[in-house]
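Reader: Hello! I am new to this structure and would like a close look at a single part of it. Could you walk me through it slowly?

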Amino acid sequence: MKFVKNKVGRSIPEELNGKKLIPFTGKGKGPYKERKYAPKIRRTSPGDGKVLKSLREAIKKGGLTNGGTISFHHHFRNGDFLLNMVCHEIAKMGLKDIRLVPSSIQPINNELLPYLEKGIITHINCGTSGKIADAISRGKMDGLLTIRSHGGRARSIENGDVEIDIAFIASPTSDEYGNINGVHGKYACGSLGYAMPDAHFANFVVAVTNTLVPFPNNPISITQDHVDCIVLLKKPIGDPAGIVSTTLRVTRNPKNLKIARDSIEVIKASGLLKEGLSYQSGAGGTALAATQYLSEYMKAKGIKGSFGMGGATEALVKMLEDGLFEAVLDVQSFDTYAVQSLLNNPKHIEMGASQYANPLSSGCAVNLLDTVILGCTEIDTKFNVNTSTESDGRIMHGMGGHQDTSEGAKLTIIAAPLLRGRIPIVVDDVVSVNSPGENIDVVVTERGIAVNPESQYFELLTKAKNLNIKSIEDLKKEAEKLIGGKPKKPKVTDRIVAIIEYRDGSVLDVIYQIKN
Amino acid sequence: MSKKSTKRIDDTPVNRLRRTRLYIPGNNPAMVQNAVVYGADSLIFDLEDSISLDEKDSARHLISNALLTLDFEDCEVTVRVNSLDTEYFIKDLEAVVPAKPDGLLLPKTQSFDELIRVDNLISDIEEKYDIPIGTVKLMPIIESAKGVLNAEKIAEAPRVIALGLGGEDLVADIGAKRTKLGRELDYISAKIILACAVSKIQAIDTVFTDVNDTEGLYEATLRAIELGFQGKSVIHPSQIEHVHRAFSPSQEEIERALRIVKAYKDAKKKGLGVVSVDGRMVDLPVVRRSEKILKWAEASQHKI
Amino acid sequence: MYIQTGVRTVKIVKSAQAGSLESCDILISVDPAKEGSGIKINLESPAKTQFGDLILSEIKEVADRLEITDVKITAIDKGALGYCIKARAETALRRGAGE
């Protein structure tokens, strides 16, 4: 294999499994293709019925063959039964060498493990966690895992890097002509944002529902003209308890509270915390605490923002309700409060994955972000961020919208503790790169704040009197001092089990099979 | 988060900035190793009330190792050992003194004689470990009526650089009722502050137990400052910012303090015996207090 | 540091443990072992790949310092730092030695 070094210093093979790889050369590059992918034209004529009684019928109708590609959304999160159900059916039908393109794999999908080992599933395109991720790290899947961001996934579907044979869309409600929404019914999950590129670009689209409503469904998130058939099942497609949390917990850990508060102090010092602010943060305990601090501050100072975005949470929606934002743009709703708000509040707007974060489009929402607060599993002295692999080399997570928001936002803040247990978060070199250092402005830890010298906010933030500014090198040394040295590097074989794409389709890094 | 230069008023342990002293349960490694990050002026690793009897040994070992290994930056590091009348006291000293904390908090201190005994015990250990005699300071906690009446003598004892007030036990001991406002401690507080003033050491106020009532804490701290306390003990990191907010002087106070200190320096330069500010005579204690206000102001510029 | 070293070897006379399974802590259990069987340590840790050897050496260092030659040690690590591992080892071993 011939290798080239990409911009973040990682060796990328020129070709892998017969496919040429484009090494990452910096943000803002591409498109590497001239035209979008065009799916097959289908015809539904007057009098044609679209409702089917079984998944098998839909799989047959979609013409899935060995080597075919099927896609799913993960809006049902750990309450999703559909991905497992479809894979079981495919296994029973004797199909193999299937490519899975879900928007995420959750612990509930652990039962698919035997299909990786038997060659029924040979490629996965998405962020993975749990036992599946672990098995891929240990070389138990024949093909490759391709890890993409949410925006990168939308881009790969739109530009044809991924051609979907059948998109299966778990639908909280659908009418008999395939108009789907996510806000009604027992399985309401809120936004269906991640399913939208699939609906628009797959060659065959199947809505799977337990709740058939009279035509026309209203509101409509995915429209009938994209949906080829509706499978009405008696067997539940999800577990409501796993789909949305009733309440996400704000951290009570004083260390994380400090990190959250200092993240907001950084935004204040940057000058961005003013009228018209646009803001995104995750749904983790620290991010929620940061959102709460932000809300308190904006209320106290009478500052009104423009929009809040991301996984919509109760914390973000309450800011909308308090008039602190004009709108919430919602690609994914995390809790019941956000689902209710999407249903009832016209200022709470559903957004597709491409609209959210596809870099190779005519403009995605992340481009309009002032600031985003993100996490990481590691960050190195070049500010490269790892979200996918543990420091022992195992694949553990996906990357969500990390690359997308960090490239798009004016000010990208990584909020993370300096250590997790004995594992250092600030290191010499991350195990794998998910977001390039050029995207990152600041890292906030409980023991100090490091600003990327390349950041446009470097001067401003390093001068701020109330911030405990340190160099990233010093933070790294402090971590090493606490843990008594550097962690041992993971031992790997020479087989590549996963590639990490940048959102534009170039390759940031590859992940090798771990030893033992 | 405070920066390096702000923690010490001057280099002497007695005059060190001590607005907040954060209690950390001595057997909780997650809290022990992160104690330094919250911006408290002083840390108290507790081996006493927060440690059950069957974990006294493990807390002692944990704190001893923590003091020897971890970097607490510019925080003052102290340990609350078990009281002199317990079987744990001497073991605590033997474990902790060699690790050279800045000071030891002595709970339930009642008399000058106790402190002489403690001083001797510490001197023996310091000698054995080649530590200069007198390195480890003492901060007795007054928690009984007897301790209050002996405060003057206690303040004079060797190594003593601050007196703390143990409000809960004291109130019970004198048979008063514990209230939010703390009026029942007014006389006791005044007496301890007086004793400290005579010996030129610091008086530190008791804890505020309702962690959720941050405004109550702020008000209580303002009152403590009015009375003459130099700091307050806190039991949760979230309390630190509210105490520091109370210690942050007003712009008016800062400006007046600046004028006083400047006038004093000018007078000294000119060899004048009398300092006058805003048409009024100013004596040395007022100058000293103004200097302290400026230190608090300087420390308050930094977050938390 | 305050431990006095002497010439005697110290015996583990009973099973004992120290520490906890809380985050950033380690639970160390000690059991008596036959004379001449040496110091045997069984370690479970989320960071075994990265820090396994270091953790073992930290526990061993304490046993050596306390002049314990024969003991069976089980350590379940929850991300403890070195100072904590040494402290827990010391407490467990001293308890096991009947102090």
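In which sense do strands β7(B) and β8(B) pair, and over how many bridges?

Author: Happy to help! Strands β7(B) and β8(B) pair in the parallel sense, over two bridges. Two strands are said to pair if DSSP finds at least two bridges between them. Strands (E, at least two residues) and helices (H or I, at least four) are DSSP runs, numbered from the N terminus. A word on reading the model: residues count from 1 along each chain as its sequence is written, while chains are lettered from A, and ligands numbered from 1, in the order in which they are written. The model is predicted, so to speak of local features takes a pLDDT of at least 70, side-chain atom pairs count only at pLDDT 80 or more, and totals for chains, interfaces and linings use all residues.

Let's stay with β7(B), which covers residues 202-205. B:Q202 and B:I204 point one way from this strand, B:A203 and B:D205 point the other way, and all are buried. Buried here stands for 20 or more other C-beta atoms, placed from the backbone, within 10 Å of the residue's own; exposed is 12 or fewer, and partly exposed lies in between. B:I204 is a good residue to follow. In β8(B), its bridge partner is B:G231. Looking towards β6(B), B:I204 is the bridge partner of B:G164. Strand β6(B), residues 162-165, runs parallel to β7(B) and is joined to it by three bridges.

Now step back to the whole sheet. Eight strands of chain B close into a barrel in the order β1-β2-β3-β4-β5-β6-β7-β8, with parallel pairing. On average, neighbouring strands of this sheet are turned by 25° against each other, direction ignored. The ring also brings β8(B), residues 231-234, to β1(B), residues 20-25, and these two pair in the parallel sense over three bridges. There, B:L22 stands opposite B:V234 of β8(B). Helix α10(B), residues 240-247, packs on the sheet, touching β1 and β8 of chain B, and its direction makes about 165° with that of β1(B). Such angles run from 0 to 180 degrees between N-to-C directions, with axes fitted as lines to C-alpha atoms, for helices over the stretch in contact. Contact between two residues requires their C-beta atoms, placed from the backbone, to lie within 7 Å.

How does this part sit in its chain? Chain B has twelve helices and ten strands. Its radius of gyration is 19 Å, close to the 19 Å that the globule rule gives for 304 residues, so chain B is as compact as a globular protein of that length. The radius is taken over C-alpha atoms, and the rule is 2.2 Å times the number of residues to the power 0.38. Along the principal axes, the C-alpha trace of chain B spans about 65 × 45 × 40 Å. Buried residues make up 48% of the chain's 304 residues. Among contacts in chain B with a separation of 6 or more, 70% come from residues 24 or more positions apart.

Finally, a glance at the neighbours. In the contact between chains A and B, each chain contributes ten residues. Chain B also touches chain C, with 17 residues of each in contact. Helix α2(B), residues 56-69, gives the most to the side of chain B that touches chain C, nine residues.
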